[in-house]
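Here is a short, friendly walk through one protein model, meant to be read with the structure open beside it. Please have the viewer ready.

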Amino acid sequence: MSHKINKPVKGRVATVLAASIVTLSMSAQTPLPRPNFVVGVMIDGLSMEYLQLLQGYFGDGGFRRLMNDGVTITDLDYGTTVDAPAAAAIAFTGAVPAVNGIGSSHVYDSESRLTRPVFYDPTVLGNYTDETVSPAALLVSTIGDELRIDAGGLGYVYALSPDQATAIILGGHAGNSASWINDVTGNWATTTFYHDTPRMLAVRNRLQPLSVRLDTIAWTNSMAVDRYPDLPGYKKAYPMRNTFLRKDPARYKAFKASAPVNTEVTDLAAEYIRTLSLGTREAMDMLNVSYTVQPYDYTSDADGRLEQMDLYLRLDRDLQRLFSAIDAGPGMSNTMVFVAGTPRRTRSRRDDERWSIPHGEFSPRRAMALLNVYLIARHGNGEWINGYHDRQIYLNHDLIKQNNLDEADVRTDVAQFLTRMAGVTDAYTLDDVINLKAGVNPQAVRNNTVIEKAGDVFITVAPGWEVVDQGSDFTLPMVERSGGTSAPAFILLPNLRKTTITTPVDARVLAPTVAGVLRIRSPNGASLPPIRF
């Protein structure tokens, strides 16, 4: 097998782009079969290091099947994106947030001064939920959209995810249905934007509601504690037990971050495959699902390594069940599976005080109050700060205009003031982002910023500092820690030779690569060439 790259290039970005056009030569040089069924899997927080650590504990039909039988991309690079729905949007559209419109799962609405879901749409209704959402904010087509268009609407596209925003991205504009778990009721929910709500969704909500079952679900270690690798001695003496009791107002959010939610998704996905006969007709069908292996934050112990490893072990079994459902239905010989991880974050828990790690608390509410006092002293009375969201400060543009001030000058002044605040290591303006002067990698920052939804000033909180008082119900404090923005990906298809690509690959390459194998158009926002098999 040969890897062909056009010409030597310099720098990490160029390396990523070069990797995206690598050509993999097959010994037989025969065209890959066009499958009847496509399964897209997003795994939030997937880490190649954990896959390697736990490989000896996996069965043969889950992660091992992916690693042993298909293409492995060890480093799918998302630039500066760490938000799971935003990463999913890159993977399914082949476009960066600046193009696809999705920079995070929630955005700030300056008019109402409220944070709202990025897919909020008051023109539609919710099914089994009071959430009103649609894919209108997604500005480009997805792989699923192009598949539906290619088949003239005869192919089915369904999506299942614990998370609302991810479900809608996986469902796309033209999908039959996209469903998620509601944070308040635990119902499997969807939106009237989609016109095909599978009957088994209603049956599950009525006969097997999570609101009843959750009291009886306990997440415990799946094997003896002393068998888990790399655990310190003190952890091996204490088995884990996580429950989701009715008295806990955050129990659905905790459940959606746990290993049992992956089992819930797999149960429903297998039922979709069986009941809807996916992949057994002439038209090509698609089922997209998402799982999580992100660090579990809803424990009293700051050391969550046991939960972290158990997430992988249990997901391995769920993947095996998903693949078995495919084997029993259309068959893996007629199916393409692609799996894309999203970047792993560290646990949002502060280290114990006894370790004396430097830390502090950054309160956006206090920062806004101090900033407003400063601007009053500079420019006169008024409410100068419109709001705060996701480390972005939103200014009151009407008040700035009323005082005949230049917006860019005010933003620069605010950024300079914020950099003198405890816990802030850097602050840059929206103008810096647009002019490619923001952060260590200005182009990556620009690519991952949706200008129409962005704040006026962006702040970087010091590592180890805890962001508190964020205003959202049941939102845990977040501890800042630097980390990578890449994750592994896998492609499994009959006659596709086992290959491992260790060179960093731009995440935008995945969508056109999948489209190329399926012999359909790439999503209309995809700008990079596919990997050729």
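The report below starts with overall figures, then turns to a sheet with its helices, and ends with a helix pair.

**Overall figures**

Please keep in mind that this is a predicted model. The protein has 533 residues, of which 56% count as buried. Its secondary structure comes to 18 helices and 24 strands. The exposed area is about 22600 Å², and carbon and sulfur atoms supply 49% of that area. If you take contacts between residues at least 6 apart in sequence, 72% of them join residues at least 24 apart.

**A four-stranded sheet and its helices**

One spot to look at is an open sheet of four strands, ordered β16-β17-β19-β18 and paired in the antiparallel sense. Strands β16 (385–389) and β18 (424–429) form its edges, each pairing on one side only. On average, neighbouring strands in the sheet are turned by 20° against each other, direction ignored.

At one edge, β16 pairs with β17 (residues 392–395) over four bridges, in the antiparallel sense. Within this part of the sheet, Tyr388 stands opposite Ile393 of β17.

Two helices lie across strands of this sheet, as the table sets out.

| Helix | Residues | Strands it lies across | Angle |
|---|---|---|---|
| α13 | 364–379 | β16 and β17 | about 155° to β16 |
| α15 | 407–419 | β17, β18 and β19 (457–461) | about 175° to β18 |

Strand β17 thus has α13 lying across it, and α15 lies across β17 as well.

**The pair α11 and α12**

How do the axes of α11 and α12 cross? Helix α11 (residues 259–275) and helix α12 (residues 305–328) have axes that come within 9 Å and cross at roughly 0°. Angles under 35 degrees count as roughly parallel, so α11 is roughly parallel to α12. On the α11 side, the contact includes Ala259, Asn262, Thr266, Ala270 and Ile273. From α12, the residues involved include Leu311, Arg314, Asp318, Arg321 and Leu322. By class, this contact has nine nonpolar, three polar and four charged residues.

Thr266 deserves a click of its own. Is this residue of helix α11 buried or exposed? Thr266 counts as buried because its relative accessibility is 0%, and the cut-off for buried is under 20%. Leaving aside neighbours within four places in sequence, Thr266 is in contact with Tyr291, Asp318, Arg321 and Leu322. Among these partners, Asp318, Arg321 and Leu322 belong to the α12 side of the helix contact.

Key. Residues are numbered from 1 along each chain as its sequence is written. This is a predicted model: local features need pLDDT of at least 70, side-chain atom pairs count only at pLDDT 80 or more; totals for chains, interfaces and linings use all residues. Side-chain values use heavy atoms; hydrogens and water are left out. Two strands pair if DSSP finds at least two bridges between them. Helices (H or I, at least four residues) and strands (E, at least two) are DSSP runs, numbered from the N terminus. Axes are lines fitted to C-alpha atoms, for helices over the stretch in contact, and angles run from 0 to 180 degrees between N-to-C directions. Contact means heavy atoms within 4.5 Å. Angles under 35 degrees count as roughly parallel, over 145 as roughly antiparallel, 65 to 115 as roughly perpendicular and the rest as oblique. Ala, Val, Leu, Ile, Met, Phe, Trp, Tyr, Cys and Pro count as nonpolar, Asp, Glu, Lys and Arg as charged, and the others, Gly among them, as polar. Buried means under 20% relative accessible area, exposed over 50%, partly exposed in between (1.4 Å probe, protein chains only). Accessible areas come from the Shrake-Rupley method with a 1.4 Å probe; for residues, only the protein chains shown count as cover.
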